[in-house]
Amino acid sequence: MEQRALARRATAIERGDPEALAYVRERSGPGLTVGITGPPGAGKSSLVDAMARLLRSAGKTVAVIAVDPTSRTTGGAILGDRIRMRQHHADPGIFIRSMATRGSSGGLAQATANVARLFRAEGFDYILIETVGVGQDEVAIARLADVTVVVLVPGMGDDVQAIKAGIMEIADVFAINKADHPGADQTERDIQTMLSLGHGRATPIVKTVATEQIGIGELLAAIEASPRRAETVDASFEIDHLGIAVRSLDQALAFYEAQLGMTVQSREVVAAEKVNVAMLPAADSRIELLEPTDTDSTIARFIEHRGEGLHHIALRVPDLQALVTCLKAGGARILGEPRSGAGGHLYVFVHPASTGGVLLELIQK
Ligand code: ZN
């Protein structure tokens, strides 16, 4: 697609235009989406430039999405991009897009994911998503990428520890940029120490000097070697169960068991929720009948206000924490933080105000 037409389509996607969104939903491509995030001043823009330059010299096409959630009011290009635009100006194999405003289709993370999908559909080999800071939006955006690079710089000292755990966890590759500055080895040791305390996954650490084009080949090799994350976090939803509030389990089972012929697999007393639960499997999901054990329980209050009926829908999701980060960035009302249930699974509720009127439970086994 011609550059100007591509820019127009990206704008339509940002605005949540249904036709443009349908266009990207129906298409995909093999391109690799790489998130580049890290604190301000780490030289992310220079690093993205250096990566783009090396990829272009290897004959790969590159789309760059520069995301700045803080400059919502400008709605235009980020200054650095104008400079870069000039640099790559004559090259049709590179396309640079700034995203500084929220699309109406949802949060910035979702809009960014859709624009990235457009570039993949247009056949770009690499889509580099560069974020400006380390806020919630940036973490959500980085999580949408196939591979996420966290960029740090020497001399951060205790700041490595101070960077939110969230951003350290999402790193598939660490880049220590400005590695010609004193303290690069210390920063590497700090990262290694932190990694040894955490998940134990081997995360490569690459030293770069973006302005000198040093270490960029190693960085790209580490990115290529990283296992790709699923294309989007919404890849596989399944209905885990439907929760139905009833006054009396015995009365309800007289229908579900005796008449309908379903089987109670197990009964449970959930003391914390003041509820008796009967579980009736249905293929890979189940119906949960919920009977209050106390008049001041959530279920009792629900029945009092709305009568017996569907209380909540529970969806199984592959990565609850990632999804919750995205939902929050998009402005959804999440009730509390994800917590562990009896079976060791993680769960959280989304307020009916965000879901079309039904309490939604999200579960990760
Ligand atoms: Zn439930």
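How much surface does the protein chain expose, and what share of it do carbon and sulfur atoms supply? The chain exposes about 17,200 Å², and carbon and sulfur atoms supply 52% of that area. Please bear in mind throughout that this is a predicted model.

Good morning, colleagues. I shall begin with the overall fold. The protein chain has 365 residues, of which 49% are buried. Its secondary structure consists of 14 helices and 15 strands. If we take contacts between residues at least 6 apart in sequence, 69% of them join residues at least 24 apart.

Let us turn to the interior. The largest nonpolar core contains 45 residues, and those touching the most other members are M51, L128, V149, L219 and I223. Helix α3 gives the most to this core, contributing six residues. A second core, separate from that one, has 29 residues, including A12, V24, L108 and A111.

I223 merits a moment of attention. When neighbours within four places in sequence are set aside, its contacts are L32, V34, M51, V147, V149 and V173. Two of these partners, M51 and V149, are themselves among the residues that touch the most other members of the largest core.

Next, the metal site. Which residues coordinate the zinc ion? They are H241 and H312, each through NE2, and E361 through OE, at 2.0 to 2.2 Å. Along the chain, these donors follow the spacing H-x70-H-x48-E. H241 belongs to strand β8, residues 238-245, and H312 to strand β12, residues 309-316, so the two histidines tie together parts that are 71 residues apart in sequence. Both H241 and H312 are buried.

I close with a glycine, G41. It sits in the loop that runs between β1, residues 32-37, and α3, residues 44-57. Is G41 buried or exposed? Its relative accessibility is 54%, and because residues over 50% are classed as exposed, G41 counts as exposed. Apart from residues up to four places away in sequence, G41 touches V153 and K178. Its C-alpha atom is separated by 8.9 Å from that of L152, a residue 111 positions away along the chain.

To recapitulate, we have considered a zinc ion coordinated by H241, H312 and E361, a largest nonpolar core of 45 residues, and an exposed glycine, G41, in the loop between β1 and α3. Thank you for your attention.

Note on methods
Residues numbered from 1 in each chain as written. Predicted model: local features only at pLDDT ≥ 70, side-chain atom pairs only at ≥ 80, totals over all residues. Heavy atoms only, no water. Helix = DSSP H or I, 4+ residues; strand = E, 2+ residues; numbered from the N terminus. Buried < 20%, exposed > 50% of the residue type's maximum accessible area, 1.4 Å probe, protein only. Contact = heavy atoms within 4.5 Å. Areas by Shrake-Rupley, 256 points an atom, 1.4 Å probe, with all protein chains shown as cover. Donors = N, O, S within 2.8 Å, 3.2 Å for Na, K, Ca; no water. Core = buried A, V, L, I, M, F, W, Y, C linked by side-chain atoms within 4.5 Å.
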